[in-house]
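Trainee: I'm new to this one, could you walk me through it?
Mentor: Gladly, ask whatever comes to mind.

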Amino acid sequence: MDRIAPSRRTLLALGTATAASPWLGETPARATDGHPDAPTDLDELGITDLRRRMADGRLTAERLTRYYLERIERVDPLLHSVIEVNPDALAEARRLDAEGDRRRPLHGMPVLLKDLVETADRMHTTAGSLALEGLRPARDATVAARLRAAGAVVLGKTNLSEWAGGMSLTHHAGWSARGGQTRNPYKLDRSPNESSSGTAVAAAANLCAAGIGTETNGSIIDPASANCVVGVKPTVGLVGRGGVIPGVPSQDSVGPIARTVRDAAILLGTLVGLDDRDPATTAGRGHFHRDYTRFLDADGLRGARIGVPRTVYYGYSHHADEIAERAVAVLRAAGATVVDPADIPTAEQLEDLPSSMVVQAYEIKRGLNAYLASAPGDHPRSLAELIAFNRAHADRELRHVRQDGLEAVHELDFSESEYRAALATNHRLSRAEGIDAVLRRHRLDALVMPTGGPPAKIDLVRGDSYTGGASTPAALAGYPAISVPAGFAFGLPVGVTFMGTAWSEPTLLRLAYAYEQASRVRRPPTYRPADIGF
């Protein structure tokens, strides 16, 4: 659900097992020891390398699953990125080893899922809320079923901003009543960004082979940037959302978060396709690719035309600007034609768009009410009952955040005609008069901009501060975007986003991969403790 607002960062922050830690002043003792464990031969290995080791008998699914479970037990007390591990993960891995069929693209790969994705197993699906504790759906979400069919081991669920950022009008990235406060592994007092916080942190910290996030407006690409990993936000309709707790269906995407573009491409190919629980996927016919790795080309920037949208998407952080300028230089050196500036004509309108609030409030209210009404078990059956539950459990649910985001959405009431007019405005300004207009005018393959500034300090009193970002145009349009690591400011990661028109994932992956290979920015976390400096 991420950011629900006429202003991108302010009005309604409703965007989508332990109690929360009191505050980061109580950092676990091991945080002061520097890196929490010694490197191993499996750290930073990608899916292709891991599968190669399995093929030649040097690795089994059980050993790899055990490796990640042990890392979660050892490292995650610093990070609070994993809300729950799958008690049957090792059994799943042993079954895969016994089958002996290693042809499936994710055979034996342990994958973590954001705690919005339903799984028909012994794990919960709660959106980080105590109100849904014990919720065990009878059927896997479409993406969970496809991961299992591809041979993945479902390792567990990741923490998130509760209700995907929807509790409060302020941003408390990575905080939920069930999972506590997720912390950035590069510096433990820094925000992991929201709301797929736990997935990005876990991928960065080598707690899984890769993970699944969801995005309404920035919730994949923002935490990817803050945690030095790759995040792919697909075109709405490319990946089915059946069995995923809804946010804003006209904007919601499910996508991969991984340490490399190749791994993200491998995951994406397993996720795409028609979904009988998600009518939006009918628009994806003819756009699904089972193997996105075939588009990856280390020389893929040569001859590409890439635009730099300066207005709005640069200028809010000089650190991000400096890193993005270096990224643009890499693009040029690798053979791309860079058109600078190449502004999105409607950029300023998109950032303060009243119709955005109408669409998001309308869709969230109906989506959550419908989901809660049908959720199995003894849980709140409506948004009104959820709000009442939170008040009754304020000592835990409202310990650090207010629920003014939920309350505002509950109180707002728009007619269907108002909603449809607002949705048409969003699409017109973000698509034909926005992204598509600038791509067409300059004959561009994609746009590139900083994903966001360096992650701010976690602030459970006032909320985390945000000063800008790249997500809004693609969010409102339902178009794809990919964030790739681009550099560090005082040791804090910053990414750049490649953004394009609908169904342009093959082009964006090609560009992102070529940039990644030319820049080689990714490096493992340092787990630096809190201090008073930058």
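Trainee: Is R462 buried or exposed?
Mentor: With a relative accessible area of 66%, R462 is exposed, because exposed here means over 50%, and I should add that we are looking at a predicted model.

Trainee: And which residue does R462 form a salt bridge with?
Mentor: The partner is D459, and the closest N and O atoms of the two are 2.8 Å apart. D459, at 12% relative accessibility, counts as buried.

Trainee: Are there salt bridges that share partners, and which residues do they join?
Mentor: There is one network of that kind, in which E92, D121, D140 and R148 are joined by salt bridges that share partners.

Trainee: How many salt bridges does the whole structure have?
Mentor: A search of the whole structure finds 27. One of them is between D115 and R178, whose side chains meet at 3.4 Å, N to O. D115 sits in the loop between β2 and α4, while R178 sits in the loop between β4 (175-176) and β5 (180-181), so this pair ties together parts that are 63 residues apart in sequence.

Trainee: Those two, buried or exposed?
Mentor: D115 counts as buried at 0% relative accessibility, and R178 is buried as well, with a relative accessible area of 2%.

Trainee: What about a salt bridge within a helix, say R420 and E416, where do they lie?
Mentor: Both lie in helix α15, residues 416-442, and they are 4 residues apart, about one turn of the helix. Their closest N and O atoms are 2.9 Å apart, and E416 is partly exposed, with a relative accessible area of 45%. As a general point, an α-helix has 3.6 residues a turn, so residues three or four places apart point the same way.

Trainee: Now E363, which opposite charge is nearest to it?
Mentor: The nearest side chain of opposite charge is R241, which is 7.1 Å away, and E363 is buried yet has no salt bridge. E363 is found in helix α11, residues 354-374. Leaving aside residues up to four places away in sequence, E363 touches G247, V248, P249, S250, Y419 and L423.

Trainee: Switching topic, what is the strand order in the sheet?
Mentor: The sheet is open, has 11 strands and mixed pairing, and its order is β1-β3-β2-β6-β8-β7-β12-β13-β11-β9-β10. At the edges are β1 (82-85) and β10 (337-339), each of which pairs on one side only. From one strand to the next, the twist averages 30°.

Trainee: And which helix packs on β1, β2 and β3?
Mentor: That is helix α2, residues 61-79, which touches those strands and whose direction makes about 15° with that of β3 (153-158). Helix α4, residues 142-149, lies across β2, β3, β6 and β8 (253-258), and it runs at about 180° to β2.

Trainee: In what sense do β2 and β6 pair, parallel or antiparallel?
Mentor: Strand β2 (residues 110-114) and strand β6 (residues 210-215) pair in the parallel sense over 3 bridges, and V111 stands opposite A210 in β6.

Trainee: What about β11, why call it enclosed?
Mentor: In strand β11, residues 446-450, 5 of the 5 residues are buried, so it is largely enclosed by the rest of the structure. It is joined to strand β9 (residues 305-307) by 2 bridges, with the two running parallel, and to strand β13 (residues 492-499) by 4 bridges, with those two running antiparallel. L447 stands opposite G307 on the β9 side and opposite M499 in β13.

Trainee: How many residues of helix α6 are buried?
Mentor: In α6, residues 197-204, 8 of its 8 residues are buried, and what covers them includes α2, β2, β3, β6, α7 (221-226) and β8. After α6 comes N206, whose phi is positive, near 60°.

Trainee: Last thing, where does pLDDT stay under 50?
Mentor: It stays under 50 over residues 3-33, for which the model has 136 contacts beyond four places in sequence. Where pLDDT is low, the predicted coordinates should not be read in detail. For the protein, the mean pLDDT is 92, and 93% of its residues reach 70 or more.

Key:
Residues are numbered from 1 along each chain as its sequence is written. This is a predicted model: local features need pLDDT of at least 70, side-chain atom pairs count only at pLDDT 80 or more; totals for chains, interfaces and linings use all residues. Side-chain values use heavy atoms; hydrogens and water are left out. Two strands pair if DSSP finds at least two bridges between them. Axes are lines fitted to C-alpha atoms, for helices over the stretch in contact, and angles run from 0 to 180 degrees between N-to-C directions. Contact means heavy atoms within 4.5 Å. pLDDT is the predictor's confidence in each residue, from 0 to 100. Buried means under 20% relative accessible area, exposed over 50%, partly exposed in between (1.4 Å probe, protein chains only). Lys and Arg count as positive and Asp and Glu as negative; His and the chain ends are not counted. A salt bridge is a side-chain nitrogen of Lys or Arg within 4 Å of a carboxyl oxygen of Asp or Glu.
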